[in-house]
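Here is a short report on how helices and a sheet pack in one chain. Look at the sequence and the structure first.

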Amino acid sequence: MTGVFAALPPMAERLSRPDWVRRINLMAGSVGGRARDLVPIDAGDLLGRAVASLGGMPPGDFGDPHWQGRFEALVAAVDASDMHVVGRLMTRQELLRSLRTRLLLTAAVDAAPEIAAGTVPAPVFITGPARSGTSILFELLALHPDLRAPTAAEGLHPVPLPGDGADPGVLGECEQELWADVQPEFQAMHELRSDLPVECITLTQGSFCGFHWSMLAPLEGWFPDPAVNYDYERRFLQVLGGGAGPTQWVLKTPAHIMLLPSLFEAFGDAWVVQTHRDPARTMPSTVSMTTTIQWLRSDDVDVDLIAQLVCELFTAALNDSVDLRESGAVPAERFVDIHYTRLMSDPAATLGAACEQMGLRFTDDYAAAVGDYLAQKPKGKFGVHRYRPEDWGFTAHGLRTAMAPYLDHFGVTTGD
């Protein structure tokens with residue numbers, strides 16, 4: 001197996017915290033307590049505050065009568081986790097904002113029940129491991145005149161907020177741009193910004209059973225529920241898509257590659273755009289990003305375990321993506337394959353072929369928009385994210401051997 005071959009250096013030897021983060025985290029110890037003493041996280045308190053902040057709006061269920069039990073289990077797991085002061089503050093805000101978002105979405109559907117009968121036609125889901133081109137592909141397809149990608153501001157605040165001066169773009173800064181403030185190296189890994197397209201894991205935070213929460217820390221006694229999460233995403237898109245503009249969504253999250261049967265069960269006419277790149281490049285990057293995300297909120301990051309889990313999950317998912325298509329368990333004709341090296345070397349031709357396969361027009365104006373966007377966002381704009389297999393307990397040979405069925409079937413180029 002391609003797992004960890006020796007104990008890996010802890011995150012404290014890899015990254016240094018900014019002084020402001022370190023000092024805030026020290027506040028708990030300075031008063032003789034723990035992080036949870038300074039930043040309490042309690043389900044009843046959060047729900048009461050969310051309802052009160054919206055003028056006593058009743059919670060509702062948004063099509064999921066068991067949502068509150070899921071929320072309470074999630075909050076209990078978060079409270080029991082070993083997050084530091086800044087991590088608990090960030091997570092408490094996300095939980096409270098997600099509750100408010102859910103209440104507002106529920107109220108929108110209650111006021112206009114026809115929303116729940118709306119369609120989400122042929123959504124385009126981009127998926128693949130980190131550093132395989134998913135993010136830049138997402139941003140480029142979001143430029144297409146017939147596709148619509150949710151921005152982070154929309155994902156966090158999908159319906160009008162009560163009160164004057166509540167600008168979702170400004171309010172979204174605390175959740176999007178703060179991550180790079182807490183750990184500046186994160187910016188080179190993945191740019192977060194309120195006006196950029198946002199991943200499905202952000203849209204579905206309010207399901208309280210999606211993969212955003214499992215990224216943040218080990219959460220004992222709580223588990224994602226893909227079926228419920230996809231149902232929440234459908235309803236979310238129904239509400240968000242009620243205005244003018246394109247009705248065909250383009251969406252993205254790496255975790256979709258692990259959930260292909262569930263995805264097609266929820267969205268039978270979906271397109272899945274699967275990106276491909278040498279796992280000797282993608283797996284170290286995915287582990288680097290995952291450990292950094294947990295380091296943003298905790299001093300206790302099990303690097304060895306994360307490296308093993310990420311590698312095992314993606315190895316199984318990428319190899320299974322071959323079997324699922326060949327067996328007919330998922331509709332092979334609804335997949336579009338994009339290789340990272342081709343996307344980077346000739347983006348116009350690569351996107352043109354993808355658009356043709358999905359029945360989307362490829363106009364001169366769109367080609368020009370793609371060229372302009374790439375010119376304004378050169379590779380390495382925010383620094384270089386360096387990652388070698390050996391830094392995370394792997395070898396290039398071991399990774400490629402474990403994923404040989406995937407590499408051979410899709411003709412994935414190694415070495416880049």
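The axes of helix 6 (residues 134–141) and helix 20 (residues 364–376) come within 10 Å and cross at roughly 135°. Axes are lines fitted to C-alpha atoms, for helices over the stretch in contact, and angles run from 0 to 180 degrees between N-to-C directions. Helices (H or I, at least four residues) and strands (E, at least two) are DSSP runs, numbered from the N terminus. Helix 6 and helix 20 are therefore oblique to each other. Angles under 35 degrees count as roughly parallel, over 145 as roughly antiparallel, 65 to 115 as roughly perpendicular, and the rest as oblique.

The model is predicted: local features need pLDDT of at least 70, side-chain atom pairs count only at pLDDT 80 or more, and totals for chains, interfaces and linings use all residues. Residues are numbered from 1 along each chain as its sequence is written, and side-chain values use heavy atoms, with hydrogens and water left out.

Which residues make the contact of helix 6 with helix 20? Helix 6 brings Ile136, Glu139, Leu140 and Leu141; helix 20 brings Tyr366, Val370, Tyr373 and Leu374. Contact means heavy atoms within 4.5 Å. By class, 7 of these residues are nonpolar, none is polar and 1 is charged. Ala, Val, Leu, Ile, Met, Phe, Trp, Tyr, Cys and Pro count as nonpolar, Asp, Glu, Lys and Arg as charged, and the others, Gly among them, as polar.

Helix 3 and helix 5 also pack, and they are therefore oblique to each other. Among the residues in their contact are Leu46 and Val51 of helix 3, and Leu95 and Leu99 of helix 5. This contact has 8 nonpolar, 1 polar and 4 charged residues.

| Helix pair | Angle | Axes |
|---|---|---|
| Helix 6 and helix 20 | roughly 135° | within 10 Å |
| Helix 3 (residues 43–53) and helix 5 (residues 85–111) | about 50° | 9 Å apart |

Now the sheet. It is open, with 4 strands in the order 2-1-3-4 and parallel pairing. Two strands pair if DSSP finds at least two bridges between them. Strand 2 (250–252) and strand 4 (335–339) are the edge strands, each pairing on one side only. Neighbouring strands are turned by 25° against each other on average, direction ignored. Helix 6 packs on this sheet and touches strand 1 (124–127), strand 2, strand 3 and strand 4. The direction of helix 6 makes about 165° with that of strand 2. Strand 3 (residues 271–276) runs parallel to strand 4, joined by 5 bridges. In that pairing, Val272 stands opposite Phe335.
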